[in-house]
Amino acid sequence: MADATPANDSPTEPPRPPSVFDLKITTLRASDPLRWLRLGWTDFARCPRIGLFYGLCFFLMGHALLAMFRAAPAYVLALSAGFLLMGPFLCLGLYEASRSLQVGQRPSLRASLLAWRPTQGTMAIFAGVLLILEMLWGRASLVVFAVTFNTMPSTANLLTQLFNPDNLSFLITYTVVGGVFAGLIFVTSVISIPMILDRRVDAISAGLTSIRACLQNPGVMLLWGACITMLVGLAMLPYFVGLLVAGPVVGHATWHAYRGTVSGPS
């Protein structure tokens, strides 16, 4: 006897693979940045040798920034801001150490130094985007200096000239231009690099997820950016010695900022 059940000739569509846009972005609280910093300090205390190694790198970069100030003062403000905002990329090894601690493994300096290898192509693309933004920022800074001063101010009287009331228009223009570039870099990179390391996603997906996080939590992310800038800025004051600790703590804390912002399995 023939089967009376009608055959279903319509093809069954395969399930759509999960996308990074399906990841849930956590609604953050104003206290979260301080919690991330506490977790960052805990990670630093658990692997101090790794942290101090990267802190020394920050210390040396600070002195390189000082040398740039003496040689080309027009670029130093943009480069110093970029130094603060590109920290998530420079702290890749610290993210690897925090990830190891989070899964109960013992972090090693060698593993942190090689953390970039599994995602080197994606990291190179993202680093290139940040580098282009930095170059544009530096060029814009030079243009602002050029249209304000007849000659480039010397390092001896740079601060005096910059904060002269007659140069108020320069300060306003420079702040607006710098704010635009700083905002672009921060919004696209605040959680991107740890996300690439953790989830092996492409650079565009990571950048868009970072933008989503900032759009959903603008106040908290603005507070987080202010905390990073303040801590690293204060650490620069005593001949950059504070960067030996502040740099790695902020790096570890950025990992926890990512983990606390993006929900879902890795």
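## Around serine 98

Setting aside neighbours within four places in sequence, serine 98 is in contact (heavy atoms within 4.5 Å) with Asp43, His252, Trp255 and His256. One of these gets a polar contact too: the side chains of serine 98 and histidine 252 come to 2.7 Å. For that label, a pair of N or O atoms must lie within 3.5 Å; within protein, one must be able to donate a hydrogen and the other to accept it, and residues adjacent in sequence count only if both atoms are side-chain atoms. This is a predicted model, where local features need pLDDT of at least 70 and side-chain atom pairs count only at pLDDT 80 or more, while totals for chains, interfaces and linings use all residues. Residues are numbered from 1 along each chain as its sequence is written, and side-chain values use heavy atoms, with hydrogens and water left out.

Serine 98 sits in helix α5, residues 92-102. Helices here are DSSP runs (H or I, at least four residues), as are strands (E, at least two), numbered from the N terminus. With a relative accessibility of 1%, serine 98 is buried. The cut-offs, with a 1.4 Å probe and protein chains only, are under 20% relative accessible area for buried, over 50% for exposed, and partly exposed in between.

## Salt bridges

Side chains of opposite charge can pair when their charged atoms come close. The rule used here asks for a side-chain nitrogen of Lys or Arg within 4 Å of a carboxyl oxygen of Asp or Glu, and it yields four salt bridges. Back in helix α5, arginine 99 pairs with glutamate 96 at 2.7 Å, N to O. They are three residues apart in that helix, so about one helical turn separates them. Arginine 99 is buried at 18% relative accessibility, and glutamate 96 is buried at 12%.

Helix α1 (residues 32-46) has a pair with that kind of spacing: aspartate 32 and arginine 35 are three residues apart, so about one helical turn lies between them. Their closest N and O atoms are 3.4 Å apart. Aspartate 32 is buried at 4%, whereas arginine 35 is partly exposed at 30%. Then there's aspartate 198 with arginine 259, at 3.0 Å from N to O. This one links distant parts of the chain, 61 residues apart: aspartate 198 belongs to helix α10 (residues 192-199) and arginine 259 to helix α13 (residues 243-261). Aspartate 198 is buried at 12%, and arginine 259 is partly exposed at 30%. Shared partners also join Arg29, Asp32 and Arg35 into one salt-bridge network.

## Where α9 crosses α11

Helix α9 (residues 168-189) and helix α11 (residues 203-216) have axes that come within 6 Å and cross at roughly 105 degrees. That makes the two helices roughly perpendicular. Axes are lines fitted to C-alpha atoms, for helices over the stretch in contact, with angles running from 0 to 180 degrees between N-to-C directions. Angles under 35 degrees count as roughly parallel, over 145 as roughly antiparallel, 65 to 115 as roughly perpendicular and the rest as oblique.

On the α9 side, the contact uses Phe186, Val187, Thr188 and Ser189; α11 brings Gly207, Ser210, Ile211 and Cys214.

## Two positive phi values

Most residues other than glycine have a negative phi. Arginine 200, though not a glycine, has a positive phi of about 60 degrees. It lies in the loop between α10 and α11 and is partly exposed at 43% relative accessibility.

Phenylalanine 240 also has a positive phi, near 70 degrees. Its place is the loop between α12 (218-236) and α13, and at 10% relative accessibility phenylalanine 240 is buried.
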